[in-house]
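Here's a quick briefing to read with the model open. Grab your viewer and follow along.

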Amino acid sequence: MSLTEISTLGQNYFRFEISRLPTVQYYIQEANLPNLILEAQDQPTTLGIPVRRPIGAYRFENLTLSFLVDEKMTNWLEIYKWMRHLGNIDTDTDNNQLPFESWQTKAYLYLTKGTYNDNLKVIFHEVFPVALSGLKFMTDSPANAVQKATVTFAYTYYSFDPDPGNITS
């Protein structure tokens with residue numbers, strides 16, 4: 001790759017897809033590519049200074065999306081219903097009705113080039129919502145102010161397509 005082929009990645013060069021939430025993906029304003037943390041542990045030495053070693057355990061930061069809420073709250077309610085069906089809030093019979101295989105899904109963060117053509121796909125495996133922000137209604141807000149909500153997802157891990165992780169040296 002020559003220096004003339006290098007372009008910067010813009011903050012708005014992305015799109016997000018999650019088949020479980022079709023009315024949310026159109027309104028997404030922000031998405032994060034979460035931190036990846038490789039755990040390390042001290043290895044004792046006779047010198048009194050421990051040596052840090054990777055232990056092969058990974059932690060991923062949660063995936064967070066911000067989206068505009070539509071007038072009928074359809075997209076906000078999609079997430080709310082999914083979360084309601086993952087646990088029991090008021091009775092054992094009305095909630096937790098999803099079959100286990102439907103609790104989680106895959107999600108895709110497409111990082112695009114300056115031309116908005118796909119460049120790299122980030123695949124989030126076994127995604128499920130863990131937090132949904134509330135909505136604040138105010139009588140003194142401007143007439144054109146829109147509601148923005150945030151949803152936080154837990155997941156097992158993320159991978160890339162194409163995979164940049166191959167070690168060549």
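Which residues form one aromatic cluster? They are Phe60, Phe124, Tyr155, Tyr158 and Phe160. Keep in mind that this is a predicted model. The notes below go through the aromatics, a helix, the salt bridges, a serine and a surface patch.

**Aromatics and helix α2**
- A search through the whole structure turns up ten aromatic pairs.
- One of these is Trp82 with Phe153, a tilted pair at 6.2 Å centre to centre and with 50 degrees between the planes.
- That pair bridges distant parts of the chain, since Trp82 sits in helix α2 and Phe153 in strand β8, 71 residues apart.
- Both Trp82 and Phe153 are buried.
- Helix α2 covers residues 74–84, and its buried residues are Asn75, Trp76, Glu78, Ile79, Trp82 and Arg84.
- The buried residues of α2 pack against α1 (22–25) and against strands β5, β6 (105–112), β7 (118–132) and β8 (148–154).

**Salt bridges**
- The count comes to six salt bridges.
- Lys148 and Glu30 make one of them, at 2.9 Å from N to O. It links distant parts of the chain: Lys148 is in strand β8 and Glu30 in strand β2 (residues 28–31), 118 residues apart.
- Neither partner is buried: Lys148 is partly exposed at 39% relative accessible area, and Glu30 is partly exposed at 42%.
- Arg52 and Asp42 meet at 2.7 Å, N to O. Arg52 belongs to strand β4 (residues 51–60) and Asp42 to strand β3, so this bridge ties together parts ten residues apart in sequence.
- Arg52 counts as exposed at 52% relative accessibility, while Asp42 is partly exposed at 41%.
- Lys121 and Asp161 form another bridge, at 3.9 Å from N to O. With Lys121 in strand β7 and Asp161 in strand β9 (residues 157–161), the pair ties together parts 40 residues apart.
- Arg15, Glu17 and Asp118 are joined into one network by salt bridges that share partners.

**Around Ser66**
- Ser66 lies in strand β5 (residues 63–68).
- Ser66 counts as buried because its relative accessibility is 8%, below the 20% cut-off.
- The side chains of Ser66 and Thr150 share a polar contact of 3.5 Å.
- Leaving out residues up to four places away in sequence, Ser66 touches Tyr27, Ile28, Gln29, Glu30, Lys148, Ala149 and Thr150. That list includes Glu30 and Lys148, the two partners of the 2.9 Å salt bridge.

**Surface patch**
- Leu36, Leu38 and Tyr58 make a nonpolar surface patch of about 310 Å².
- Leu36 sits in strand β3 (residues 36–43) and is partly exposed, at 48% relative accessible area.

Key: Residues numbered from 1 in each chain as written. Predicted model: local features only at pLDDT ≥ 70, side-chain atom pairs only at ≥ 80, totals over all residues. Heavy atoms only, no water. Patch = residues over 30% accessible without salt bridge, like charges linked within 9 Å, V, L, I, M, F, W, Y side chains within 5 Å. Areas by Shrake-Rupley, 256 points an atom, 1.4 Å probe, with all protein chains shown as cover. Salt bridge = Lys/Arg side-chain N within 4 Å of Asp/Glu carboxyl O. Helix = DSSP H or I, 4+ residues; strand = E, 2+ residues; numbered from the N terminus. Buried < 20%, exposed > 50% of the residue type's maximum accessible area, 1.4 Å probe, protein only. Polar contact = N/O pair within 3.5 Å; in protein donor to acceptor, adjacent residues only side chain to side chain. Contact = heavy atoms within 4.5 Å. Phe/Tyr/Trp six-rings, centres within 6.5 Å; stacked < 30°, edge-to-face > 60°.
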